[in-house]
Amino acid sequence: MFPPRVFASSPWRPGAAVVALALLLSACATLPERGQIVMRDVSFPLRDFRLPSGLRVVVEQDARSPVVAVVAVVGAGGSSDPAGKEGLAHVVEHLAFRSRHAGGPSVWTRLEHSGAGHYNATTSLDYTSYETLGPKESLPLLLKLEGQRLASPLTGVTAEVFDVEREVIRNELRQRNETGYVGQVFSWVHAAAFPAGHPYARPIIGTHETLSALTLSDAQRFARANYRPENVTLVLAGDVNLESVEAMLRENLPESWVGTGAPLALEARMPAQAAAPSTTPPQKSMPAFTAAVPTPEVYLSWVLPRGFEEASAVQDFVRAVLSQSLWGALRSDGDIAGISTNLIPGTRASLLVVRVTLSRGDDPARSAGKVLDQVQNAWTQEIEARGVLGREFDFQSMRRQVVTGMVLESEDLLSRTQRRALLTHFTQDVRSYTRSQMALMGLAGGKVTDFSYQWLQRERARAIVVRPGETPGGVAARIPTDANTEEVSAGTSAERVTPSMTAALSSPVHMLKLDNGMEVLLVPRPGLPIVRIGAALGGGWSYGDKPGVADLANWGAFRESWFEGRPSDWGLHTSGSFRRDHLRVGISGTAGNVGNMLAMLAEQLDSTRTSEAVVRYFREQVLPWRQAVDTYPEIVAGRHLQKALYGAHPYAREASGADLGQVSWTEAEAWIQDVYRPANTVVVVAGEFDVKEVEALARKYLGGWSRGKPKPVAVPPAPELPTAPSKLMLTPRPGASQAQVQLACRLPTATPEQEARYALMANLLSGGATGEMRSRRGATYGFSAQPWLGRGGAAHLVLEGAVDAQRMGESIQSVREMLAAFSKEVPAPVLERARAQLLAGQAVSFITAESWVNALLTARMRGFEPDAVTRRPALLQAVTAEALRQEFEGCQQRLVVSITADEGQTRSAVQALSLP
């Protein structure tokens with residue numbers, strides 16, 4: 001038996017000054033007043049195990065969906081790399097997926113067989129985390145697999161496999177990688193912020209030089225030193241039986257990781273008193289670098305106190321404030337085209353990063369100065385009473401949005417589990433997740449101001465500029481193609497598919513047709529007191545009489561009336577996206593504010609406009625950036641590919657900056673008036689609510705909107721399939737160390753049944769290409785394939801990936817051979833593997849209300865009935881190998897190949913392959 005266990009719970013009970021608790025919508029005669037966030041208490045039962053080996057296991061029960069999450073945190077990241085061996089922790093993370101235990105298949109393959117619908121890993125400054133989502137029936141298998149991977153992360157990894165995975169990481173380094181930045185930008189930012197010799201000043205992913213110097217022995221020593229039970233925290237969450245989980249742990253974890261006797265006493269992972277974080281001396285000039293960015297970018301950074309503790313909640317708040325307030329810099333500097341913020345926590349220090357996208361980069365120092373002005377304005381206190389009151393009002397509005405954002409994020413099972421795992425690991429307190437929430441909700445304006453005044457001073461900012469260009473990609477190693485061959489095991493779909501995979505999409509969908517022609521779908525999802533609402537309007541950037549009119553209308557659209565209030569009044573979060581055939585707007589918040597959300601959405605849809613002043617601003621401030629981006633090789637290649645697929649059809653339209661410059665504001669306004677009308681709109685409401693009450697609210701607010709024709713905008717007719725032979729398109733990118741390869745084909749008119757076929761085709765292609773070109777050859781970080789289905793039935797499939805430029809020819813040839821093989825036969829084991837993967841991925845994706853909103857809006861925009869979403873498991877299971885073979889055969893006949901790379905290397909590869 002394990003030592004005595006601790007029972008705990010994780011309730012959200014925000015203070016009354018922030019949230020009104022336990023107030024149901026049914027108790028409200030009117031909508032909640034401004035400033036009221038209305039939600040009930042939420043509690044997730046926990047069990048906390050401190051095993052004799054030193055391993056910490058936390059189990060959280062959340063039975064909203066038949067899904068489980070498994071997250072393991074290893075207390076070793078990039079800062080643990082020995083000097084001169086930067087990138088080693090990240091290499092070990094990759095190799096852990098390639099390990100084989102007891103002579104079986106790799107961890108990667110076993111994850112697929114276990115029913116995992118999502119699996120990934122991340123290496124950060126101080127930790128490596130492994131994450132998995134799967135159906136609840138798979139938990140024993142996932143737990144056993146995770147225990148083996150943690151205990152023996154490199155078992156079965158040969159020198160040949162090591163060489164392959166190192167090449168994979170070198171390809172990752174050449175492109176936008178898991179840090180979210182292009183190439184080594186993340187490393188340059190850290191080197192500018194932290195003094196030389198500081199563990200955080202070194203590149204997490206390494207450099208081509210340090211990666212080339214690493215050996216399998218280095219990786220083995222690192223794993224032996226750091227992958228120990230006392231250095232790991234494991235968190236299980238989801239539909240877990242808390243009574244039987246103890247026995248499950250004992251049966252599936254390695255004995256050495258369970259241990260015997262009393263729990264091992266662990267040393268603190270962070271000192272009780274945090275040391276003052278160190279930074280580099282003030283800069284005399286701004287360091288400049290080159291990378292594969294379309295336009296110049298400036299990165300500003302501030303070294304902050306450490307994260308992963310209650311006191312660091314203020315950092316999250318400051319980041320949220322800056323995310324909204326820094327956009328004022330666009331109005332004061334015509335070269336600034338965009339701004340985003342990021343917070344990177346660490347146990348020694350944290351780093352706040354502001355990324356500034358420029359149109360031309362004429363004077364990066366000036367642009368950086370304008371952003372720094374906005375940073376100072378965000379927290380400088382006003383002396384006048386009116387200014388003080390205004391600042392307090394802004395603070396309370398922001399706090400409401402931060403609190404609601406925290407609640408919305410918790411809906412995502414994996415995000416919540418990851419955060420709990422990290423906080424528990426570094427604080428060694430299972431209550432730290434709840435305490436960090438309470439600290440965030442209890443922040444006072446004065447504390448935020450004091451923190452900003454101390455840490456965000458202008459002289460503490462460090463800056464670099466990154467200009468467009470190519471960086472050396474290193475020399476690719478030649479890898480034998482049989483370095484890690486792994487056969488697809490046999491097995492039927494029934495053996496791989498669990499009941500949870502087919503039952504995950506079982507929520508009821510209620511359909512309303514309002515008198516104004518609007519369609520409203522209601523999806524009650526009890527479990528968390530939140531609601532998400534999405535609206536989709538037919539149109540998109542392909543719609544309109546003039547190229548660019550839709551793009552300009554979308555960019556310049558704004559809400560004219562605010563009678564129903566602003567999102568910050570209730571902590572609501574808004575979103576929007578613009579797509580080829582439609583646009584979307586969304587609003588999310590706590591369940592008790594669903595009436596406010598519907599009222600605000602109706603007002604937004606009814607009062608969306610544009611103006612001459614907004615269009616003038618676009619031409620002066622944004623158009624230069626758009627025109628610069630138009631010349632970026634990947635953008636040029638994408639435009640040409642779409643034209644090759646659709647010819648003269650509206651879906652071939654890709655507006656350029658020059659097109660936008662020819663559109664007037666009156667033309668943009670006319671487009672808005674045409675698209676923004678009830679009969680052209682579908683709304684989905686998903687979350688915790690009473691259907692009758694929300695139906696009444698929807699009829700009251702959404703039903704009161706009246707405008708335009710009582711029918712949707714014109715739907716583009718399904719285009720004829722092309723009859724011309726395969727095409728090849730080359731787009732030069734001088735000096736590129738990678739080639740962007742795209743293979744695409746048009747597909748027959750889409751139906752729900754066809755969509756299931758196209759999804760399986762995409763899975764087969766991406767899995768096959770990634771397995772061959774990544775796992776066996778190390779020539780790419782990965783391939784992905786996606787089908788696109790539009791209004792009117794148009795459809796196409798794209799397989800794309802960035803490959804080592806020196807291995808472009810073999811990559812293209814391999815993918816073409818795979819496509820040719822599928823056009824002759826789709827082997828049954830391969831099909832069943834793809835089918836199970838899609839069913840598992842779908843099951844773990846439908847945990848949130850947001851996933852239901854997006855899926856139903858997508859179905860309705862495609863012209864499918866709502867039950868196409870709930871029928872999809874059955875549709876996937878009905879697809880036959882012969883039906884797929886026929887689709888692949890047609891795809892091969894209509895194939896379009898697009899290559900973006902250095903012209904000399906491209907032409908050599910094309911000649912060697914005898915491509916047309």
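Me: What makes a stretch count as a helix or a strand here, and how many of each does the protein chain have?
Reply: The runs come from DSSP: H or I over at least four residues for a helix, E over at least two for a strand, numbered from the N terminus. By that rule the protein chain has 33 helices and 27 strands. Bear in mind that this is a predicted model, where local features need pLDDT of at least 70 and side-chain atom pairs pLDDT 80 or more, while totals for chains, interfaces and linings use all residues. Residues are numbered from 1 along each chain as its sequence is written, and side-chain values use heavy atoms, with hydrogens and water left out.

Me: Why is the protein chain called as compact as a globular protein of its length?
Reply: Set the radius of gyration (taken over C-alpha atoms) against the globule rule, 2.2 Å times the number of residues to the power 0.38. The chain comes out at 27 Å and the rule gives 29 Å for 916 residues; those are close, so the label fits. The C-alpha trace spans about 70 × 70 × 60 Å along its principal axes.

Me: Why does Arg777 count as buried?
Reply: Buried means under 20% relative accessible area (exposed is over 50%, partly exposed in between; 1.4 Å probe, protein chains only). Arg777 has 14%, so it counts as buried. Across the chain, buried residues make up 59% of the 916.

Me: Where does Arg777 sit, and what makes its link to Glu810 a polar contact?
Reply: Arg777 is in the loop between helix 26 (752-776) and strand 25 (780-789). A polar contact needs a pair of N or O atoms within 3.5 Å; within protein, one must be able to donate a hydrogen and the other to accept it, and residues adjacent in sequence count only if both atoms are side-chain atoms. The side chains of Arg777 and Glu810 are joined at 2.9 Å, which fits that limit.

Me: How do you know that strand 12 and strand 13 pair?
Reply: Two strands pair if DSSP finds at least two bridges between them. Strand 12 and strand 13 (residues 350-358) have 8, in the antiparallel sense. Gly338 stands opposite Thr357 of strand 13.

Me: What makes strand 12 an edge strand?
Reply: The open sheet has 5 strands in the order 10-14-11-13-12, with mixed pairing. Strand 10 (288-291) and strand 12 (336-344) each pair on one side only, and that puts them at the edges.
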